[in-house]
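Q: Please take a close look at one part of this structure, and set it within the chain as a whole before you go into its details.

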Amino acid sequence: MSDAIAKTAQKSGIAAVQRCIVPGCAAQFGFREQIYVCPRCGGPLEIEIPLELLKSGPDLRERWQGRAASHDPRDRSGVWRYRELLPFDNDAPVVTLFEGNTPLFDAPRSAKYAGLKALRLKHQGCNPTASFKDTGMTTAVTQAKLLGARTVVCASTGNTAASLAAYAARAELQCAILLPQGQISPAKLAQSMDYGAIICEIAGNFDDCMRLISELSDVRSIYIANSVNPFRIEGQKTVAFELLAQCDWRVPGHVVVPGGNMGNSSALGKGFDEMLRLGLIDRLPKISIIQAEGSAPLAHLFAGLKPFEIVADASVPGEIAPVANPRTLATAIKIGAPVSWKKALRAVLHTHGSIITVSEQEIADAKAIIGRDGIGCEPASATTVAGIRKLVAANKIRSAESVVAVLTGHVLKDPDYVSNYHRGTLAFETLTEQGAAKSVPIVGAFRNVPQKVAATKEAILKSLESRR
Ligand code: F0G
């Protein structure tokens, strides 16, 4: 929030607050209180921005566009450029790596594969630490500074950790990350090592790490940077603003994201909703979430909803059945008990989207097809294109609809997966009905195996000919 707006807000008694999203509670708290869930009922918290104050002001779209040529570090950031909608004063000690500003690509091969006339890919893997997490970490770590935290911590499947480690290093804060031992891509772990974080490898899965995080949340000097923290969501929601600006404020029909802990989908939902309430757009895109088959608690819940529950603004169920032993080679989204599922489900129901699953084979082939468009992403991101293909086949997306898939991480986040896919050595560990371990090979439809070629011109030309 800018100073002028903050002053007006104080005068009229309206300022950004943290509010519990549980309808029967809706308790509100100051935006500088160090809380992560509602102290009254334990429900999720959300930042409420006083949008009505912005409605009467100058056109925000023009103001944001005007900042594109500025050298002010806050204008160079694709998050802080939209600071009117962030719960910070103008003199906040912004911790930025110039996050955001990510490209929106046309992807004709992926479109054809999915059964669409056109498909655009918003590549959040082009952020400073190569995942979408940076857009939320800039705001969360700025808030940690404001609160005087000594240490920032998170549980992670790899990307949140790498991002927090980098922003903590910029902010000169101690950083500790809790990772499920042996379940993280080595490339992501290497990033966190390089940025100087204290790396705690936990004997358990991501959900165990998350449980430990909630136990740590009452230690005053420690600030939690997982997406349960509503200040993370504030930064991440700006991707909706940047996407709309890139679309010249023409709202896409459908925006599709992978689902893990559900912060990303929650943030997109909030971002689009704020744009609608400000009158900057006249309708919402459908938001759909895609989960990996073996780690899909929210898709299971969605599949079990009755038709009358799938209407806009229906009250969401109170509980979700966690997946006890989540499985997927897309380790970023290997999560059985997503923390932000209520906000994510609300966004999907509100926009009439879907939540579905895709198989390991579907993820792997979709990832390779995205690669053929010259755009590399990590496996979790490829759930989007695999999911869009299923939604088109099920007539939930029309082939002429304008669709955007959000790619969440860069291809170099998980090079072992890519190499194994193309060499034919990728396999998925699952269980038989009797509970025995079973390895299922992934037979890549788009494999591209390196060839051994003699060191002669003729051999090279022959090799080219054989592949024409
Ligand atoms: N894609 C990637 C590449 C991710 O790293 C994650 C989450 C997701 C998708 C899912 O996003 O959790 O907001 O629904 N990674 C977290 C982490 C859990 O610790 O890095 P979500």
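A: Among the contacts in the chain between residues at least 6 apart in sequence, 71% join residues at least 24 apart, where contact means heavy atoms within 4.5 Å. This is a predicted model, in which local features need pLDDT of at least 70 and side-chain atom pairs count only at pLDDT 80 or more, while totals for chains, interfaces and linings use all residues. Residues are numbered from 1 along each chain as its sequence is written, and side-chain values use heavy atoms, with hydrogens and water left out.

The secondary structure of the chain amounts to 18 helices and 15 strands, these being DSSP runs numbered from the N terminus (helices H or I, at least four residues; strands E, at least two). The radius of gyration, taken over C-alpha atoms, is 22 Å, close to the 23 Å that the globule rule (2.2 Å times the number of residues to the power 0.38) gives for 468 residues, so the chain is as compact as a globular protein of that length. Along its principal axes, the C-alpha trace spans about 80 × 50 × 45 Å. Of the 468 residues, 57% count as buried, that is, under 20% relative accessible area, with exposed over 50% and partly exposed in between (1.4 Å probe, protein chains only). The chain exposes about 19,600 Å², and carbon and sulfur atoms supply 52% of that area, which comes from the Shrake-Rupley method with a 1.4 Å probe, only the protein chains shown counting as cover for residues.

The part chosen for a close look is helix α14, which runs over residues 341-351. Eight of its eleven residues are buried, so α14 is largely enclosed by the rest of the structure. The buried residues of α14 are Trp-341, Lys-343, Ala-344, Leu-345, Ala-347, Val-348, Leu-349 and Thr-351, a list in which you will find Lys-343 and Thr-351 alongside Leu-345 and Leu-349. Both helices and strands help to cover them: the covering elements include the helices α10 (230-236), α12 and α13 (297-303), and the strands β3 (45-48), β11 (286-292) and β12 (355-358). Just after α14, His-352 takes a positive phi of about 65°.

One of these covering helices, α12, spans residues 263-277 and contains Asp-273. With a relative accessibility of 18%, Asp-273 counts as buried because this value is under 20%. Leaving aside neighbours within four places in sequence, Asp-273 is in contact with Leu-284 and with His-350.

For a view of burial in a strand, turn to β13, residues 403-407, where five of the five residues are buried. In a regular strand the side chains alternate between the two faces of the sheet. On one side of β13 lie Val-403, Ala-405 and Leu-407, on the other Val-404 and Val-406, and both faces are covered. Strand β5 (residues 120-123) pairs with β13 in the parallel sense over four bridges, pairing being called when DSSP finds at least two bridges between two strands, and here Arg-120 stands opposite Val-404. Strand β10 (residues 254-258) also pairs with β13 in the parallel sense, over three bridges, and Val-256 has Ala-405 as its bridge partner in β13.
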